[in-house]
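Trainee: I would like a close look at a single part of this model, and then at how the rest of the chain is arranged around it. Please take it residue by residue where that helps.

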Amino acid sequence: MKKVKIIANPSSGKELAITVLKELLPLFGAHGISLHLDFTLGPGDAARSAERDDGEELIVSIGGDGTVHEVVGGMVAGSRKVPLAIFPGGTVNDFAEYLKIPKDPKEFFRMLQRGHTISSDVGLANDRAFINVCAGGLFADVGYSVEGSTKTALGKFAYYLEGFRTFLSRDPEDEKSFPLRIEMEEGSLEVDAMLFLIANSTSVGGFEHMARRASIDDGKLDVIVIEEMKIPDALRLLDDLRRGKHTENEKVHYFQTAAFTVESDREIPVDIDGEEGGRLPLKIRVLERALTIVDNQ
């Protein structure tokens, strides 16, 4: 490891990146490692940096899920084969949590020194890559609708707070469900849905066991569809989610597949790794083992 590119979002996760860099940079310097440091100043910066080959042997992403999403998109677009290490520097860090990446900079650097890597699948929603989740329906816009200052002050709790506010404040006469059709080689599903999730790892939205059978190198994505339900039933389901028991609910559909389409007769907004992802319909497929990820082994 002679040259490392660091892509850092200075405004994510209680503005943690600067503090982390103050501890990390001397460690790289002490081991004679050359650094290329890119701060993200706006949308697309992380993707452009990750796509560009600056001679680095490792890319380090410091930020939240949105930063990781851009870095992954850039690496896929540029067919980059260098390993990616993810420092969990955001409000919610689902993919890093799944990998059990250390949050202490010294421990993180020791992980880099060990250099153990794994291959990871990447999801493709139409032409947009995602590393962890693609979702639509109720709650799906929470990741990008919460104010940045609120996320900084309240952390992960801000997401849960906004999710409850969104659900409970809806007019009882409003349509909470939408017609959803999923077509795949294994069959089809057609239901009135409240939410759908397409996951690569087990951890989604801070729930560690959302897609409990998921594995990032199995060549499949885990699909969860939640049918419309009343508020008391939804609150019970949230408790089941916390305990990883939600897939036992008769209103929850859970399956794994590698390629499929998602459609609706309504304009349903889509979230991709916590960022705005357009609207249905979607054509989903897996890019098998498309990335090399540094893990905590």
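Trainee: Which residues does Thr40 touch, not counting residues up to four places away in sequence?

Mentor: This is a predicted model, and what follows is computed from it. Thr40 touches Ile7, Ala8, Asn9, Pro10, Asp45 and Ala46, once residues up to four places away in sequence are not counted. Thr40 itself lies in a loop, the one between β2 (34-39) and α2 (45-51). Two of the residues it touches, Asp45 and Ala46, have numbers inside the range of α2 (45-51). Despite its place in a loop, Thr40 has a relative accessible area of 13%. Buried means under 20%, so Thr40 is buried at that value.

Ile7 also leads to another residue. Besides touching Thr40, Ile7 is in contact with Val60. Leaving aside neighbours within four places in sequence, the contacts of Val60 are Val4, Lys5, Ile6, Ile7, Ala85, Phe108 and Leu112. Val60 belongs to the largest nonpolar core, a set of 41 residues in which Val60, Ile62, Phe108 and Leu112 touch the most other members. Helix α1 gives the most to this core, with 5 residues.

Phe108 and Leu112 take part in a helix contact as well. From α1 come Val20, Glu23, Leu24, Leu27 and Phe28, and these meet Pro105, Lys106, Phe108, Phe109 and Leu112 of α5. By class, the residues of this contact are 8 nonpolar, no polar and 2 charged. Two packed helices are described by the angle between their axes and the distance between the axes. For α1 (residues 17-30) and α5 (residues 105-114), the angle is about 40° and the axes are 9 Å apart. That angle makes α1 oblique to α5. The crossing of the two helices is right-handed.

There is also a second, separate core, of 25 residues, which includes Phe196, Ile198, Leu221 and Val225. Val225 is in contact with Ile182, a residue of strand β8 (residues 178-184). Ile182 is buried, with a relative accessible area of 1%. With neighbours within four places left aside, its other contacts are Gly187, Ser188, Leu189, Val223, Phe255, Phe260, Thr261 and Val262. The C-alpha atoms of Ile182 and Lys283 are separated by 9.9 Å, with their positions 101 residues apart along the chain.

Phe260, Thr261 and Val262, which Ile182 contacts, have numbers that fall within strand β12 (residues 259-263), where Ala259 also has its place. Ala259 counts as partly exposed, at 43% relative accessibility. Leaving aside neighbours within four places, Ala259 is in contact with Met184, Glu185, Ile284 and Arg285. Ala259 and Leu221, the latter named above in the second core, are 8.3 Å apart from C-alpha to C-alpha and 38 residues apart in sequence.

Ser177 lies in the loop between α8 (157-168) and β8. Ser177 is another buried loop residue, at 18% relative accessibility. Not counting residues up to four places away, Ser177 touches Asp192, Ala193, Glu228 and Arg266. Its C-alpha is 8.3 Å from that of Leu138, a residue 39 places away in sequence.

Some backbone details remain. Most residues other than glycine have a negative phi, and most peptide bonds are trans. Ser79 is not a glycine, yet its phi is positive, about 50°. It lies in the loop between α3 (65-77) and β4 (84-88) and counts as exposed, at 53% relative accessibility. Lys100 also has a positive phi, near 55°. Its loop runs between α4 (94-99) and α5, and at 62% relative accessibility Lys100 counts as exposed. The peptide bond that joins Leu280 and Pro281 is cis, with omega about 10°. Pro281 has its place in the loop between β14 (275-279) and β15 (282-294).

As for the whole, the protein chain has 9 helices and 15 strands. Buried residues make up 51% of its 297 residues. Among contacts with a separation of 6 or more, 74% join residues 24 or more positions apart. The contact of Ile7 with Val60 is one such case within the part you asked about.

Notes
Residues are numbered from 1 along each chain as its sequence is written. This is a predicted model: local features need pLDDT of at least 70, side-chain atom pairs count only at pLDDT 80 or more; totals for chains, interfaces and linings use all residues. Side-chain values use heavy atoms; hydrogens and water are left out. Axes are lines fitted to C-alpha atoms, for helices over the stretch in contact, and angles run from 0 to 180 degrees between N-to-C directions. Helices (H or I, at least four residues) and strands (E, at least two) are DSSP runs, numbered from the N terminus. Angles under 35 degrees count as roughly parallel, over 145 as roughly antiparallel, 65 to 115 as roughly perpendicular and the rest as oblique. A crossing is left-handed if the near helix is turned anticlockwise from the far one by less than a right angle, and right-handed if clockwise. Contact means heavy atoms within 4.5 Å. Ala, Val, Leu, Ile, Met, Phe, Trp, Tyr, Cys and Pro count as nonpolar, Asp, Glu, Lys and Arg as charged, and the others, Gly among them, as polar. A nonpolar core is a set of buried Ala, Val, Leu, Ile, Met, Phe, Trp, Tyr and Cys residues joined through side-chain atoms within 4.5 Å. Buried means under 20% relative accessible area, exposed over 50%, partly exposed in between (1.4 Å probe, protein chains only).
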